[in-house]
Amino acid sequence: MGGTRMHVCPLCKRSDGTTRLSAYWRTLSPEGRAGVPHLARPALHDERWTAPLGLLTVGCALLVADTWLGFVGLAGGGFWLVSLRDRVAQAAKERADWHRKLICRPCHHAFLP
Ligand SMILES: [Zn+2]
């Protein structure tokens, strides 16, 4: 169909109902999406950057007034950013996987081809 190879669903072993998850998600209504939250595209949580960056900024400002507190702020913000970077990389990978995923319409099972 359309030149695309049919994939067999690992759950129900059917191959007649598989389609791209991203395409399937676009066809769902808001009510339909609410019923299958596990199929949603993973979010990137960009807003989480503001807290550690704010701590870094405060650390820089404090460095001028109070060296000790400034260092604590800089170290904390830096450590926070590094751990956040790993989680963001993980989220980006999950998002990339989501775009590659297929869904089996009959049983609503999403899987990587
Ligand atoms: Zn299936």
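**Zinc site, core and long helix**

User: Happy to look at this with you! What is the geometry of the zinc ion's site, given its four donor atoms?

Analyst: Glad to help; keep in mind that this is a predicted model. The angles among the four donor atoms of the zinc ion run from 105 to 120°. Four donors count as tetrahedral if all angles lie between 85 and 135 degrees, so the site is tetrahedral.

User: Which residues coordinate the zinc ion?

Analyst: In sequence, the donor residues follow the spacing C-x2-C-x91-C-x2-C. This links distant parts of the chain, with Cys 9 in the segment before β1 and Cys 104 in strand β2, 95 residues apart. Both Cys 9 and Cys 104 are buried. Each donor is an SG atom, at 2.2 to 2.3 Å, and the residues are Cys 9, Cys 12, Cys 104 and Cys 107.

User: Nice. Which helix gives the most to the largest nonpolar core?

Analyst: That core has eight residues, among them Leu 21, Tyr 24, Trp 25 and Trp 98. Leu 21 is also in contact with Leu 39, Trp 98 and Ile 103, among others beyond its neighbours within four places in sequence. With three residues in the core, the top contributor is helix α1.

User: And how far does helix α4 reach from its first C-alpha to its last?

Analyst: Helix α4 covers residues 67-100, which is 34 residues. Its buried residues include Gly 70, Leu 81 and Trp 98, and α1 and α3 are among what covers them. At 1.5 Å a residue, 50 Å would be expected, and the helix comes close to that, reaching 49 Å.

Key. Residues numbered from 1 in each chain as written. Predicted model: local features only at pLDDT ≥ 70, side-chain atom pairs only at ≥ 80, totals over all residues. Heavy atoms only, no water. Core = buried A, V, L, I, M, F, W, Y, C linked by side-chain atoms within 4.5 Å. Buried < 20%, exposed > 50% of the residue type's maximum accessible area, 1.4 Å probe, protein only. Helix = DSSP H or I, 4+ residues; strand = E, 2+ residues; numbered from the N terminus. Contact = heavy atoms within 4.5 Å. Donors = N, O, S within 2.8 Å, 3.2 Å for Na, K, Ca; no water. Tetrahedral: all angles 85-135°; square planar, octahedral: opposite > 155°, others 65-115°. Expected span 1.5 Å × (residues − 1).
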